[in-house]
2 protein chains.
Amino acid sequence: MSLLDRYRRPIEQGLRSVLRGETQLAEILRYHVGLSAEDVTPSKLGKLIRPGLVLFTAEELGGRIDAALPAAVGLELIHGFSLIHDDVQDRDETRRGRPAVWVRWGIAEAINAGDLMHAIGLRTALDAGAGAARTLAEATAEMIEGQSLDLAFEGRFVTVDEYVAMIDRKTGALFRCAFELGGRCAQVGAEVLGKLAEIGANIGRAFQLQDDLLGIWGDGDTIGKPIGSDVRRKKKSYPVVVAYATASESERERLERIYAAATIAEPDAKWVIALLDRLEVADRTCEAVREYSERASKAVGRVSLSDDGKRELLEMIEHLTRRET
Amino acid sequence: MSLLDRYRRPIEQGLRSVLRGETQLAEILRYHVGLSAEDVTPSKLGKLIRPGLVLFTAEELGGRIDAALPAAVGLELIHGFSLIHDDVQDRDETRRGRPAVWVRWGIAEAINAGDLMHAIGLRTALDAGAGAARTLAEATAEMIEGQSLDLAFEGRFVTVDEYVAMIDRKTGALFRCAFELGGRCAQVGAEVLGKLAEIGANIGRAFQLQDDLLGIWGDGDTIGKPIGSDVRRKKKSYPVVVAYATASESERERLERIYAAATIAEPDAKWVIALLDRLEVADRTCEAVREYSERASKAVGRVSLSDDGKRELLEMIEHLTRRET
């Protein structure tokens, strides 16, 4: 049984418990996390990576799962709320192979659903103590700042460093938070918390860049997106940022023209995809994923986990950064 | 000096302190509360009713202002976040006489701004203790459920009781919370908390119904809305709900037809306003405001406040329910 599988059941129970309620909004929240009445199997739940990492870290460092569970569930809810609002902001119509909340219930109610999941997330984390709730609220604020930067980046081409600084917030904040919450619930000191945060920060980078890869070259059958999907959505993800950094003057100008238009024409999309191929940015993105996952693995070596725990965590990092969905 | 004036300065300082930061999003939050660099005077700040009530209640019941301040500031931020998202949901273009956040920065960034203010609000409340943060998070969740109900009511005519149950959540939750937070910071027991909540609940009702009155018959010069504004926006506020409840069969059918259309034609708006006049719903709404403000005042008598405090609070209730903005 893999690391994440082990904690699936308590997390699912925790989510069920805080998302009960008879209102339409409660039903929307259950739908979003994959626990509505129409989801006959629990398979509609996401991967539960972040809450799994909270419980794993807490248990490995001597904490109790039941004490850490509210922090884990709170973190998953914060992640879930960010997805609901992200989909509204990006007008993404599909989430985990199903219609996004805003597609089914409209934008106004999707904003409410995200807001409610946010409030319940922070309230739930309070059951793991004020320190856990503070850690989660701070990570939430940082994630939102990252989301705002990401939006601002739509208006210009940024450097690779700026991009990485953005994903450190948008994606990294909650991964760091997962390890910090786990450590906090096991009552480790500041030094260990710092090391844990380093694992999370590097997993976050590797995870996001792998996501960026899949967004362009992912297998449509597996993740429900055609090749070049993120190019057609004009997402300036890591591969595009790297391409811009290495392109010729005239290619840059063409990229700027293409991305400044309201929508991308198919010949332009094809040209961008061909440029990415020619500049070998897929390989360079893979290398970056590998680099960050190696850094994460090294950071794992600096924390005193059990041998089994270390092996499991390294396997999970390997798995996350090779995943195809 | 009135009750609210007395606490204005510490609340303003508290808001400034938690809303500092160099990012665009931080600047948007300052703009929204009226503390951006372009607001040369502090007069752009709102009335600060809710945080003022927190500090007043805490001080009256033997608590310390500085201990209660984070709860007060957190509550104001939660109120502020709800306004940012409300304006997006209702496409309201003006807030406190200035362009709404979404008008200036777009819908996506307005969603981020609200999300960030929400996270900062709950994080700030943690400085007043885990109990205060929990009270605030629960009130936040309740307010959002009320907002969702309000949206759902757009699709049908509800009874007066349903409407009042909705505003008890949408508006009442934060007013109750203000008194509860004040009581909590003064460490009063459950019985006093219950009495405090009753004051807040009735102020919330009176406040919202007064708002509903102003939304239709408010002085355009004072609050920036023309007569009948809420009718033209097809808001089914209390006066319309009362009118529907007392209208004839044929009037009801016409109301249903008018409110089912995407927009309201000017002759229809005039007919609705004339119907409201003929059914004397303005008077009936005023009576309801008076009733709830009397209930609030009676509830004030059941809590042991100082004589001065009692007088100030009664004056404030009187003032709120006679306000013209």
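A residue counts as partly exposed when the number of other C-beta atoms within 10 Å of its own falls between two limits: 20 or more makes a residue buried, and 12 or fewer makes it exposed. I open with that definition because the first residue I wish to discuss, A:Asp86, depends on it: with 18 C-beta neighbours inside 10 Å, A:Asp86 counts as partly exposed. Please keep in mind throughout that the model is predicted.

A:Asp86 belongs to helix α4 of chain A. Its C-alpha atom is separated by 10 Å from that of A:Ala100, and the two residues are 14 residues apart along the chain.

Helix α4 of chain A brings me to the interface. How many residues of each chain are in contact with the other chain? The count is 31 residues of chain A with 31 residues of chain B. On the side of chain A that touches chain B, the elements giving two or more residues are α2 (24-33), α4 (65-90), α6 (107-125) and α7 (130-153) of chain A. The largest share comes from α7(A), which supplies 13 residues. Sorted by class, this side of chain A has 16 nonpolar, 9 polar and 6 charged residues.

I turn now to how the two chains are related. In general, two copies of a chain are related by a rotation about an axis and a shift along it. Here, chain A is superposed on chain B by a rotation of 180° with 0.0 Å of shift along the axis, and the RMSD is 0.0 Å. The two copies are therefore related as by a two-fold rotation axis. The same surface serves both copies, in that 100% of the contact residues of chain A recur in chain B. Which residue of chain A comes closest to the rotation axis? That residue is A:Ala130, whose C-alpha lies at 2.7 Å from the axis.

Next, the packing of helices within a chain, beginning with chain B. Helix α1 (residues 3-18) and helix α4 (residues 65-90) of chain B have axes that come within 9 Å and cross at roughly 65°. An angle from 65 to 115 degrees counts as roughly perpendicular, and α1(B) and α4(B) are therefore roughly perpendicular to each other. The crossing of α1(B) past α4(B) is right-handed. From α1(B), the residues B:Pro10, B:Ile11, B:Gly14, B:Leu15 and B:Val18 meet B:Ile65, B:Leu69, B:Ala72, B:Val73 and B:Glu76 of α4(B). By class, the residues of this contact divide into 8 nonpolar, 1 polar and 1 charged.

A second helix pair is found in chain A. Helix α13 (residues 238-246) and helix α16 (residues 281-301) of chain A pack with their axes 9 Å apart, at an angle of about 115°. The crossing of α13(A) and α16(A) is right-handed. On the α13(A) side are A:Tyr238, A:Pro239, A:Val242 and A:Ala243, which meet A:Val281, A:Ala282, A:Arg284 and A:Thr285 in α16(A). The contact of α13(A) with α16(A) has 6 nonpolar, 1 polar and 1 charged residues.

Finally, I consider one residue of chain B, B:Val242, which is placed in helix α13 (residues 238-246) of that chain. Is B:Val242 buried or exposed? B:Val242 counts as buried, because it has 22 C-beta neighbours inside 10 Å. Leaving aside residues up to four places away in sequence, B:Val242 touches B:Val160, B:Val281, B:Arg284 and B:Thr285. B:Arg284 is 42 residues from B:Val242 along the chain, and their C-alpha atoms are separated by 8.3 Å.

Definitions and conventions: Residues numbered from 1 in each chain as written. Chains lettered and ligands numbered in written order. Predicted model: local features only at pLDDT ≥ 70, side-chain atom pairs only at ≥ 80, totals over all residues. Contact = placed C-beta atoms within 7 Å. Helix = DSSP H or I, 4+ residues; strand = E, 2+ residues; numbered from the N terminus. Nonpolar A, V, L, I, M, F, W, Y, C, P; charged D, E, K, R; others polar. Least-squares fit on C-alpha atoms with pLDDT ≥ 70 in both. Axes fitted to C-alpha atoms, helices over the stretch in contact; angles between N-to-C directions. Parallel < 35°, antiparallel > 145°, perpendicular 65-115°, else oblique. Left-handed = near helix turned anticlockwise from the far one by under 90°.
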